[in-house]
Amino acid sequence: MSLMAATSTTVSASRLVSTVSSTGELSSSWSRGAGWTSTSNRVLFHRGNRRRSSWIEIRAVSTTSTPSSRPSADQTERLAKLNELLAEVAKTAASTGPRGAVRLAQGIEAVASIGAEWLLQQTQGAQIAASSRTPFALDPPGPRQLRKLFEKLGATYIKLGQFIASAPTLFPDEYVKEFQSCLDKTPPVPFNQIQAIIRQDLGRRIEDVYEYIDPQPLASASVAQVHAARLKESQKDVVIKVLKPGVEDTLTVDLNFLYISAKVLEFLNPQISRTSLVAIVGDIRASMLEEVDFRKEAVNIEAFRNYIEDTGSTRLATAPFVYRHCSSRRVLTMERLFGSPLTDLDSLRSIVPNPEATLINALNVWFGSLIACETFHADVHAGNLLVLKDGRVGFIDFGIVGRISPATWVAMETFLQSIGTNQYSAMAKALVTMGATAETVNIDNFAGDLEKIFSAVQELDSDLLVTAAGVPGGATTVAASLDFDEQQVNALLLEVIRVSESYGLRFPREFGLLLKQLLYFDRYTRLLAPGLNVFDDDRVQISAGRDTTYYPPSSYGSAR
């Protein structure tokens, strides 16, 4: 791997010289002729096994063109950053191993395939233009080709495509619109491959654990596939979430590449550091790699169940029971919850007499988990909140969770209360408390900008869909559900963050997760309880004065 870097005009062009000693030591130096040499910034990276061990030394050595000159502070800092970058590249390359070469070949194949398709379309267009004697203009690759390339590259890039689709303030409109179709739904993996993973991870025959597994998946996403099943001994209905083959290797290689690319870009152009690109990519890498270890999701579910049980909320809500004897890193077997989405108004009315009370129960359980549970559910879209047949709210899919510190929650609580009372100055002060900044923020101007944004919440389009169905001569059923554009929710979230950042604020990741969930609940309130003021109703408990006993997750390996 080569790395080109721009330096100060007082320093001549350089080249990276590498030598490997007989003991396996790699020494890298920036050679610029005679001058000072810095050996204080060295990185030692160890690799080896039981039979052989060696140390790799990566050292950036700076010399100036004038023997007696000393390096400037900027040059010294630049050199230190280069050493850090080289060390990170070496460690990442070692952890990636031969998987990187395989993934590179897959990437080349994907680019060649999409490129050939585009070239064929241009050739056909040129032939049609020639036959009709009309001018032909080359149509350069655009959003459509990029979206198809992302889908062909698989899990990592599908999720990145979803990020583009949900960030209209960051990307051009044509890309945002095109990537709306980049959904996290992929063709299912053949059932025999799913069976092989289950057998391998559980170390037992499938028929010894399950009475049956439905070969047709309930859902197939880019990372995992879900199948309905029944346990052999207890005859309990369950769902099995299985990591698709090869996904973990693909994610590791792709995310390592993206992270190192961001670090290199930041080194070459220090101005990029102001955009928090490396931090954002780092957060994406950490959260996505966490998603492919189902043991962590199991712990998240158990922590939430403990919180519900210990707060006496079992009559209000639940989460799936995890069957640990048939769960592992790549296989997660859970209780199957049967219910209707929170936005299916017709089904809700057939289950509970008062949908508003059900919504308030869901809000109270979720708000309580922000402090009383180690993690909170950070993906409460309608598909993950079910109203069960007994009237309880079922929280499912804990692949995405957030963590919030008590200090952040205090500021967040003030922020929430200010939304309910339209006190935008208090809202601005709370955001300044949460956001790290060295700048002086004009609270009045900030409050005015926030008022404009939150006034737009009332203008978000939410359509109540009423559908009728029936048979000739029979009864007609009418169903109502809420339909709203999730992209509007994302746009509002990003607008709040964008305006805040214009005042020099940088928020913790949890703030974005929290705010997005609140916007989801705002949509549900419009359908189920249009007259409810979530932040100014005594029935909704968002006060820090409530019981905030901490309920840690249970040990994953313990018996139950």
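Helices (H or I, at least four residues) and strands (E, at least two) here are DSSP runs, numbered from the N terminus. Residues are numbered from 1 along each chain as its sequence is written. The model is predicted, so local features need pLDDT of at least 70 and side-chain atom pairs count only at pLDDT 80 or more, while totals for chains, interfaces and linings use all residues; side-chain values use heavy atoms, with hydrogens and water left out.

**Exercise 1. Place E174 and say whether its side chain is buried or exposed, or in between.**

Step 1: look up the element. E174 sits in helix α5, residues 173–178.

Step 2: check accessibility. Buried means under 20% relative accessible area, exposed over 50%, and partly exposed in between (1.4 Å probe, protein chains only). E174 comes out at 45%, so it counts as partly exposed.

Step 3: look across the chain. R144 is 30 residues away from E174 in sequence, and their C-alpha atoms are 9.2 Å apart.

**Exercise 2. Work out how K241 and D397 are linked, and what that link ties together.**

Step 1: get the criterion straight. A salt bridge is a side-chain nitrogen of Lys or Arg within 4 Å of a carboxyl oxygen of Asp or Glu. Searching the whole structure turns up 16 of them.

Step 2: apply it. The closest N and O atoms of D397 and K241 are 3.9 Å apart, which gives a salt bridge.

Step 3: map the partners. K241 belongs to strand β8 (residues 237–243) and D397 to the loop between β14 and β15 (401–402), so the pair ties together parts 156 residues apart in sequence.

Step 4: compare exposure. K241 is buried at 14% relative accessibility, whereas D397 is partly exposed at 33%.

**Exercise 3. Do the same for R539 and E356.**

Step 1: take the distance. Their side chains meet in a salt bridge at 3.0 Å, N to O.

Step 2: find the elements. E356 lies in helix α12 (residues 355–372) and R539 in the segment after α17 (509–528), so parts 183 residues apart in sequence are tied together.

Step 3: add accessibility. R539 is partly exposed, at 42%.

**Exercise 4. Describe how β8 and β10 pair, and how enclosed β10 is.**

Step 1: count bridges. Two strands pair if DSSP finds at least two bridges between them. β8 and β10 run antiparallel and are joined by five bridges.

Step 2: pick one bridge. I240 has T333 in β10 as its partner.

Step 3: check burial. Strand β10 (residues 331–335) has four of its five residues buried, so the rest of the structure largely encloses it.

**Exercise 5. Classify the F304–F395 ring pair.**

Step 1: set the rules. Rings of Phe, Tyr and Trp (its six-membered ring) pair if their centres lie within 6.5 Å; planes under 30 degrees apart are stacked, over 60 edge-to-face, and the rest tilted. The whole structure holds 10 aromatic pairs.

Step 2: read the geometry. F304 and F395 are 5.0 Å apart centre to centre with 55 degrees between planes, hence tilted.

Step 3: locate the rings. F304 is in helix α10 (residues 294–310) and F395 in strand β14 (residues 393–395), 91 residues apart.

Step 4: check burial. F304 is buried at 0% relative accessible area, and F395 is buried at 0% too.

**Exercise 6. Find the mean confidence of the chain.**

Step 1: pLDDT is the predictor's confidence in each residue, from 0 to 100. Its mean over the chain is 73, with 69% of residues at 70 or more.
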